[in-house]
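Trainee: I would like to go through this model step by step, with the charged pairs ahead of the core and the strands. Where should we begin?

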Amino acid sequence: MTSPATAPTIRPVRPEDVPAVVAMVHELADYERAPEQCHLTAEQLHAALFGPAPALFGHVAVDASDEPVGFALWFLNFSTWAGVHGIYLEDLYVRPDARGTGAGRRLLATLAAICVERGYQRLDWWMINWNPAARFYAAIGATPMDEWTPYRLAGAALRDLAAQATPAPTRPAA
């Protein structure tokens, strides 16, 4: 681990960071052996982060020259049982040459601090089961959630189910 003086700094994503974050998302997809599934563009990410009602948030780890070397993209979730929001970490990635600098820990610590400051009770994420980061997550006290099974509805199945929705009744013109 590098000294705190050379460790990356964490800050919110800025519009000028979007191309670097998109490039890192594609690097992550390649690392996870699914580059053909990643279609994110700079325009899409910019709209999601900086549009009129953003529902996606992000932080970057930057080096001494303010160049992004890692990122965390996240959004709010909600626990009906606890009655409070939490953070769902969609993606965390640190470029290989910046690993071991504390960037990943600092990104997660920033999100944990947001949770504590806002009264959120949890920080959740999924991880591909072969990722060696499991050791790092265990070292910071994270536990795998093996009693819940993730499900996803997408593509044709999503469209088929949507076709079964009952349209909302239309209101007569006043």
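Mentor: Begin with the term itself: a salt bridge here is a side-chain nitrogen of Lys or Arg within 4 Å of a carboxyl oxygen of Asp or Glu. Keep in mind that the model is predicted.

Trainee: How many salt bridges does a search of the whole structure find?

Mentor: Side chains of opposite charge can pair when their charged atoms come close. With the 4 Å cut-off applied, the search of the whole structure gives a count of five.

Trainee: Which residue meets Arg 11 in a salt bridge, and where does that partner lie?

Mentor: Arg 11 belongs to strand S1, residues 9-12, and its partner is 55 residues away in the chain. The N to O distance of the pair is 3.2 Å. The partner sits in the loop between strand S2 (57-62) and strand S3 (68-79), and it is Asp 66.

Trainee: Is Arg 11 buried or exposed?

Mentor: Buried means under 20% relative accessible area. Asp 66, at 33%, counts as partly exposed. Arg 11 has a relative accessibility of 9%, so it counts as buried.

Trainee: Which parts of the chain does the pair of Arg 14 and Asp 66 tie together?

Mentor: The side chains of Arg 14 and Asp 66 meet in a salt bridge at 3.3 Å, N to O. The two residues are 52 apart in sequence, so the pair ties together the loop between S1 and helix H1 (18-31) and the loop between S2 and S3.

Trainee: What is the relative accessible area of Arg 122, and which residue does it pair with?

Mentor: Arg 122 forms a salt bridge with Asp 124, with the closest N and O atoms 3.5 Å apart. Asp 124 is partly exposed at 24%. Arg 122 is partly exposed too, and its relative accessible area is 41%.

Trainee: Which residues do salt bridges with shared partners join into one network?

Mentor: Asp 66 meets Arg 11, and Asp 66 also meets Arg 14. The network formed through shared partners consists of Arg 11, Arg 14, Asp 17 and Asp 66.

Trainee: Turning to the core, which element gives the most to the largest nonpolar core?

Mentor: That core has 18 residues, and Leu 92 and Leu 107 have the most contacts inside it. The elements that give two or more residues are S3, strand S4 (84-94) and helix H3 (103-118). With six residues, the element that gives the most is H3.

Trainee: Leaving aside neighbours within four places in sequence, which residues is Leu 92 in contact with?

Mentor: Leu 107, which shares with Leu 92 the most contacts inside the core, is one of them. The full set is Leu 28, Phe 71, Ala 72, Leu 107, Leu 108 and Tyr 137.

Trainee: How many bridges join S3 to S4?

Mentor: One partnership to look at is Phe 78 with His 85 in S4. The hairpin has four residues between the strands, and Gly 83 takes a positive phi near 75°. The strands run antiparallel, and the number of bridges is ten.

Trainee: What is the handedness of the crossover from S4 to S5?

Mentor: S4 and strand S5 (residues 123-125) run parallel, joined by three bridges. Ile 87 has Leu 123 in S5 as its bridge partner. The chain passes through H3 between S4 and S5, and this β-α-β crossover is right-handed.

Definitions and conventions. Residues are numbered from 1 along each chain as its sequence is written. This is a predicted model: local features need pLDDT of at least 70, side-chain atom pairs count only at pLDDT 80 or more; totals for chains, interfaces and linings use all residues. Side-chain values use heavy atoms; hydrogens and water are left out. Buried means under 20% relative accessible area, exposed over 50%, partly exposed in between (1.4 Å probe, protein chains only). A nonpolar core is a set of buried Ala, Val, Leu, Ile, Met, Phe, Trp, Tyr and Cys residues joined through side-chain atoms within 4.5 Å. Contact means heavy atoms within 4.5 Å. Two strands pair if DSSP finds at least two bridges between them. A crossover is right-handed if, with the strands pointing away from the viewer, the path from the first strand over the helix to the second runs clockwise.
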